[in-house]
Amino acid sequence: MENKNNKLTFSRRNFIRTSALASGGLLIGFNFLTSCAETATPPIDVSKLDFKDFNAFIKIAENGYVTIFSPNPEIGQGVKTSMPMIIAEELDVPWKHVSVEQGALDTTNFTRQVAGGSQSIRFGWDALRQTGATAKQMLINAAAARWNVDASSCSAQDGIIKNANGDELGYGDVVNEAAHLEVPENVALKEIKDYKIIGKDAINVDIDKIIKGKSLFGLDYKVEGMKYVSVMRPPAFGQNINSFDATAAKNINGVSDVVQFGDKIAVLASNTWAAMKGKKALNVTWKDDNKLESTSNHDTELFKILDGKGLETRREDGNIKEAFANADTILERTYESPFLPHNCMEPMNFYANVTEEKVHLVGPIQTPAGTARRISELINRKEEDIHLEMTRMGGGFGRRLYGDFALEAAEISNLTKQPVQVIFSREDDMAAGIYRPAIKYRIAASVKDKKVTGYHLKEAAINSNMYGLIPHFFPAGAIKNYKVESGNYQSNITTGAWRAPYTNFLAFAEQSFFDELAEACEQDPIQLRLDLLKNVKDGEDPNIQYSAKRMTDTIKLAVEKSNWGNTKEGVHQGFSAYYSHNTHVAEVVDITLKNGLPMVEKVTVAVDCGIVVNPTGAKNQIEGGVIDGIGHAMYGDFSFENGKPQDVNFNTYRLIRMNETPIVNTYFVENDLSPTGLGEPGLPPAGGALANAIKAATGQILSKQPFAKSLIKHEASLKV
């Protein structure tokens, strides 16, 4: 069961503490299934329903219905559905009898309340299983005590406990007694063969609210007396407030306050329109610092880094110099990518009400604990004063990791002593964002006797570089002489995580380079990768987290399912495989040419993510990642001039369109290994597979994103 390459440990102490400190929460006290029907009876007074606290994760009603709290932020990755599925499986309760609620920030009772790095299920797997199994055993123990029999003679299934005499009790019959029992040690977990919920398709628990537009997201949150806030921020990175006049803004109907905080000005109003109109009416003059940056300057600086000698070595094996000196051929190419904004469909927003009693925060956030801590420091309040409720997020992709919008809300509420909701416009979101940094890679490889003998990767990035174990990803370990170096340029433009940080572009650079390398070796591109993987011995190098065997099996599944090399005339294929976020992915892109333009028809994806908890949700994650990867590789472009972004809305910023999305067929490698991430791993291979397909169709080598710019002669048509 355990994934040896990615072993995690679960602290039993955490669960025991969770049970001991169980607390209440918002309950939906009616049959959630029948309530979804159009003719459903409106909910009755929930205070009169008899749901019982069991532990921080579980509440059980007398009729056997169970409420399971999902601890982690829901960003569209499906954890609000899949995490409770894991608990319900081990608790052994029918999924149709389960309703799911979002847990509030509670770092005492819940562990790792973060949405980032595709790690929620991976880190939560053992803890959630233990939670469900322990609760089940406590319910059995309570029933056994009532019957005065040994617990080992009892069993539970589908929410019903039975003893050897044929007596039965429902979970709801014994929940009160069970909740006060000692937490048992060493509970048995289910065998995979006995799973009834995990591995079966489950509908997103929020789908009814999403489809019907019911309140669910941060922007839906309303409180009587709440002020809507639009914030004026410096229009260019490197500018500060010189002076401002708020007279015209204050004369707008609905505007109640104008407040400066730092280099920003907040306009408070009774509605969003008035707040935004008030912001536009502000008369502000700005002063520049001496560093208003432009993309052309960044390009110059990044090339200087690649050409220089001050790079930091991140991994070095063998002797690169000797390999290159003895090579028959040396292949070298430079790959370039731009800044990218996140473009969440739901712009940034957050509610805050700072009073002497407590700090109440509500909104969409990927890092609730870290944000609460930063707010406590910002307004000099104890962390225990802060109550943070998470709403569902309309996209995140890394943007909501940072919580700057929540800090703004807390600071404004603290200054004005009013409940406020800060709301970004689309222009605010794109012009005052935290962006994927622009990066350039230069890759060189040596070939001797049609074999790859050396591989040298240089990275030049804005503000930071590849981190953690990324320098040890494939082809580390597969090529004897191997070196990775990096350097960065410090910019005052804010940068940060963007879906699959660094690997979102690194994978394209490496995987498209590998197709060229295969040509230099006069070898099939997939066979070249498979041959190199044979050089890797799993577990030999602790820094190498990818598994050669798992990647090989994943590649072979993609080859089989895509009908690689046997497509009909006019279809051109491109291949790419990449390991990231502990998941192995291989993709084959099928394109055709229409009037000389590449049309992506189909993408076949093979994935090894261990056990698949919810196949429907898993496929959704892969499909979203693939489409996101293709769209941004093809069109994603974002530049700066004198510190200002050149695009601030979708009228000029190009995203992939509905009619350009391909069919995505996803296949999972079947095994019994612990689950790994899915929100990000589908994206990195997509750009490389697309580039390789275009090269197969046209012969054109694409080394700079977005590809649309490189396909310059077709650019006008591509923008139709």
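**Briefing: sheets, salt bridges and backbone oddities**

The count of salt bridges here comes to 44. Keep in mind that this is a predicted model. Two open four-stranded sheets, S1-S2-S3-S4 and S22-S23-S24-S27, are covered below, along with a parallel strand pair, some charged pairs, a nonpolar patch and a few backbone features.

**Salt bridges**

- Lys440 and Glu336 form a salt bridge, with 2.7 Å between their closest N and O atoms. The two sit 104 residues apart, Lys440 in strand S19 (residues 439–448) and Glu336 in strand S14 (residues 329–337), so this pair links distant parts of the chain.
- Both ends of that pair are tucked away: Lys440 is buried at a relative accessible area of 3%, and Glu336 is buried at 13%.
- Arg529 pairs with Asp515, and here the closest N and O atoms are 3.3 Å apart. Because Arg529 belongs to helix H15 (residues 525–533) and Asp515 to helix H14 (residues 503–520), the bridge ties together parts 14 residues apart in sequence.
- This pair is out of sight too: Arg529 is buried with a relative accessible area of 2%, and Asp515 is buried with 13%.
- Glu560 bridges to Lys561, with the closest N and O atoms 3.9 Å apart. It still makes the list because the cut-off for a salt bridge is within 4 Å.
- In that pair, Glu560 counts as exposed at 55% relative accessibility, while Lys561 is partly exposed at 36%.
- There's also a network: Glu89, Asp92, Lys136, Asp158, Lys190 and Lys196 are joined by salt bridges that share partners.

**The S1-S2-S3-S4 sheet**

- This open sheet has four strands in the order S1-S2-S3-S4, and the pairing is mixed. Strand S1 (51–53) and strand S4 (98–102) are the edges, each pairing on one side only.
- From one strand to the next, the twist averages 25°.
- Strand S3 (residues 66–70) runs parallel to S4, with five bridges between them. One of the matches is Phe69, whose bridge partner in S4 is Glu101.
- Helix H3 (residues 79–91) packs on this sheet and touches strand S2 (58–61), S3 and S4; the directions of H3 and S3 make an angle of about 130°.
- Helix H5 (residues 171–178) packs on the sheet as well, touching S1 and S2, and its direction makes about 130° with that of S2.

**The S22-S23-S24-S27 sheet**

- Here again the sheet is open and has four strands, ordered S22-S23-S24-S27 with mixed pairing. Its edges are strand S22 (572–580) and strand S27 (663–668), and each of them pairs on one side only.
- The average twist is 20° from one strand to the next.
- Strand S24 (residues 597–608) pairs with S27 in the parallel sense over six bridges. Ala606, for instance, has Tyr667 in S27 as its bridge partner.

**Strands S16 and S17**

- Strand S16 (residues 359–363) and S17 run parallel and are joined by five bridges. Gly363 has Met390 in S17 as its bridge partner.
- Side chains alternate along strand S17 (residues 386–390): Ile386, Leu388 and Met390 point to one face and are buried, whereas His387 and Glu389 point to the other and are not.

**A nonpolar patch on the surface**

- Ile203, Ile207, Ile210 and Ile211 make up a nonpolar surface patch of about 390 Å².
- Ile211, which lies in helix H6 (residues 207–212), counts as exposed at 65% relative accessibility.

**Backbone features in loops**

- The peptide bond from Phe474 to Pro475 is cis, with omega near 15°. Pro475 sits in the loop between strand S20 (451–462) and strand S21 (481–489).
- Gln705 and Pro706 are also joined by a cis peptide bond, and omega there is about 5°. Look for Pro706 in the loop between helix H18 (684–698) and helix H19 (707–710).
- Asn343 has a positive phi, near 60°, without being a glycine. Its loop runs between S14 and strand S15 (349–354), and Asn343 is buried at a relative accessible area of 10%.
- Asn582 is another non-glycine residue with positive phi, near 70°. Asn582 is in the loop between S22 and strand S23 (583–594) and counts as buried at 10% relative accessibility.

Terms used: Residues numbered from 1 in each chain as written. Predicted model: local features only at pLDDT ≥ 70, side-chain atom pairs only at ≥ 80, totals over all residues. Heavy atoms only, no water. Pairing = 2+ DSSP bridges. Axes fitted to C-alpha atoms, helices over the stretch in contact; angles between N-to-C directions. Patch = residues over 30% accessible without salt bridge, like charges linked within 9 Å, V, L, I, M, F, W, Y side chains within 5 Å. Areas by Shrake-Rupley, 256 points an atom, 1.4 Å probe, with all protein chains shown as cover. Salt bridge = Lys/Arg side-chain N within 4 Å of Asp/Glu carboxyl O. Buried < 20%, exposed > 50% of the residue type's maximum accessible area, 1.4 Å probe, protein only. Contact = heavy atoms within 4.5 Å.
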